[in-house]
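Got the structure open in your viewer? Here's a short guided tour, one selection at a time.

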Amino acid sequence: MNTPLRRLANVTIVMFLALMMTSTWVQFVQAPDLNSDARNVRTLYREYDNARGPIVVGGDSIASSTPVDTPFGYQRSYSQAELYAHVTGYYSVIYGRSGIEQAMNTELNGSADSLFYSRLQDLITGRQPQGAAVELTIDPAAQQAAWDALGDQRGAVVALDPTTGAILALVSKPSYDPNLLAGHTTSEVTENWTALNEADGQPMANRAIAGNTYPPGSVFKLVTAAAALEDGLAVDEQIPAPDELPLPLSSAVLGNFGGATCSSSGTQTLGDALRVSCNTAFAQLGLDLGAELIGEQAEAFGFGTRFTVPMTSAESYFPPDPDAPSTALSAIGQYEVRVTPLQVAMISATIANGGTQMSPYLVDSVRSQDLDVVTETSPSELGQPISPETAATLEEMMLGVVADGTGQAAQISGVQVAGKTGTAETTGDAPPHAWFTSFAPADDPQVAVAVLVENGGTMGSEATGGAVAAPIARAVMQAVLE
């Protein structure tokens, strides 16, 4: 009789152990995955049942939550929705989050470690928990100016404070309305999501920092010029500037934009080569410097790095080990060179800041529901890609571009503007991308800008960076300075 009892007892003990182990596994090991599973409606109800904190620009909420009579408790809504869509991102019951809504989610929903004492106070006082407010660095005037000036053209604008790295404007077009994804009716949100993903021009792509990367064209000549100056070339030294440059190891011949002549003598200074954006001069300079030196300078400026602003940017790219003809083309921002508008703005900001590159950031501070500052961003240095002397020389060269070179459309009365144009060839018969990057005032830089207009915008194949992108940059700089 004892033997059957012992067997039954052993089976019972094993069953209890299995039950305890299963419960422990589910409650502790699998809990994070189960909580984050999009199918877990309880998690959604719990998160939506608390008021999500606002996203604030210039003292005004551009994203906020209001009570609604549904199981979710609160409805997310966006004011000036399309203007700030690629900043705020969307907050969706079905499709999750993007933009600041994703990058600052724990602060906005109140679960961040930095908000522990605020949650403790809510528990003690019985106050309804609420997420923190996230205050951004965006200058509303600069954002609106970038939006208006870009118009109906596809492209992006990024503006930075050169001395801190604060992002003053971040615009990507075409844009979209995040309110279309914030609803609580599954069928409507799904229909809107499908329509946005099938829409012409990829409106949800953030072209400013993390959409496609683009050939930079002649704005990349700033990197090549920096490499040459760091290597010891004097700004007033004569360099070859032929009408045409036969590319080595090939039958191809490189000409200047529109078949122009850079210099009647066939040579010119580095400063003049940048002022008139001479392709042959910079291509030959690239051959003389070599791809390794230019690539190292590009890397020093941030190529190959993903910046967290707190959204993560795409990497800008300089091809490794290109052959001679590819090196010549890479030196003028063609071949396989690819950039984001953020990276181009950072190059100008670095020059404006005396060669010191600042880390870009979009979040200024986080405030609890009592308006106490919980966290605040302190500007930080990324590095010193170029010497102060090289930065000062590049600034003088960029002043020449705007004063009487290819960037005259960026001139602002009474303000010294430093800039560089770019007209980047794309693929096939597509019109070129129009670029402009600049900073102002040159003697006390307050804003650095990068403008990209895809495929020439309204001017199409007739576009140049000076004609299309420079006026947009001027409008943004004026908004900040005024």
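Start by selecting Val-157 in this predicted model. Leaving aside residues up to four places away in sequence, Val-157 touches Ala-146, Leu-150, Ala-169, Leu-170, Val-171, Ala-208, Val-449, Ala-450, Val-451, Ile-472 and Val-476. Now widen the view: Val-157 belongs to the largest nonpolar core, which has 121 residues. Together with Ile-100, Leu-136 and Val-449, Val-157 touches the most other members of that core. Apart from this core there's another one, made of six residues. To find it, pick Ala-85, Tyr-90, Leu-181 and Leu-196, which are among its members.

Next stop: helix H17, residues 465-481. Which of its residues are buried? Colour Gly-465, Gly-466, Val-468, Ala-469, Ala-470, Ile-472, Ala-473, Val-476, Met-477, Ala-479 and Val-480, and you have the buried residues of H17. Notice that Ile-472 and Val-476 were also on the list of residues that Val-157 touches. To see what covers the buried residues of H17, switch on helix H8 (140-150) and several strands, including E7 (155-160), E8 (167-173) and E17 (418-424). Strands E18 (433-440) and E19 (447-453) are part of that cover too. While you're here, try the distance tool on the end C-alpha atoms of H17: they are 22 Å apart. At 1.5 Å a residue, the 17 residues should span 24 Å, so the two values agree.

Now for some helix packing. Two packed helices are described by the angle between their axes and the distance between the axes. Select H10 (residues 221-230) and H13 (residues 291-301): they pack at an angle of about 110°, with axes 9 Å apart. H10 and H13 are therefore roughly perpendicular to each other, and H10 passes H13 in a right-handed crossing. Show the side chains where they meet: Val-223, Thr-224, Ala-226, Ala-227 and Glu-230 on H10, against Leu-293, Ile-294, Gln-297, Ala-298 and Phe-301 on H13.

Keep H10 on screen and swap H13 for H12 (residues 279-289). Here the angle is about 45° and the axes are 10 Å apart, so H10 and H12 are oblique to each other. H10 passes H12 in a left-handed crossing. The contact is made by Lys-221, Thr-224, Ala-225, Ala-227 and Ala-228 of H10, with Asn-279, Phe-282, Leu-285 and Leu-289 on the H12 side.

On to some backbone details. Most residues other than glycine have a negative phi, and most peptide bonds are trans. Where does the chain have a cis bond with omega near 0°? Zoom in on the bond from Lys-173 to Pro-174; Pro-174 sits in the loop between E8 and helix H9 (186-198). Then jump to Val-309 and Pro-310, joined by a cis peptide bond with omega of about 25°. Pro-310 lies in the loop between H13 and helix H14 (324-330).

For positive phi, go to Gln-202, with a value near 45°, in the loop between H9 and H10. Gln-202 counts as partly exposed, at 48% relative accessibility. Tyr-335 also has a positive phi, near 60°, and lies in the loop between H14 and helix H15 (341-352). Tyr-335 is partly exposed as well, at 35%.

Last stop: Ile-13, in helix H1 (residues 2-29). Ile-13 is partly exposed, with a relative accessible area of 49%. Now zoom out and select Gln-384 too: the two residues are 371 residues apart along the chain, and their C-alpha atoms are separated by 67 Å.

Notes:
Residues numbered from 1 in each chain as written. Predicted model: local features only at pLDDT ≥ 70, side-chain atom pairs only at ≥ 80, totals over all residues. Heavy atoms only, no water. Core = buried A, V, L, I, M, F, W, Y, C linked by side-chain atoms within 4.5 Å. Buried < 20%, exposed > 50% of the residue type's maximum accessible area, 1.4 Å probe, protein only. Contact = heavy atoms within 4.5 Å. Helix = DSSP H or I, 4+ residues; strand = E, 2+ residues; numbered from the N terminus. Expected span 1.5 Å × (residues − 1). Axes fitted to C-alpha atoms, helices over the stretch in contact; angles between N-to-C directions. Parallel < 35°, antiparallel > 145°, perpendicular 65-115°, else oblique. Left-handed = near helix turned anticlockwise from the far one by under 90°.
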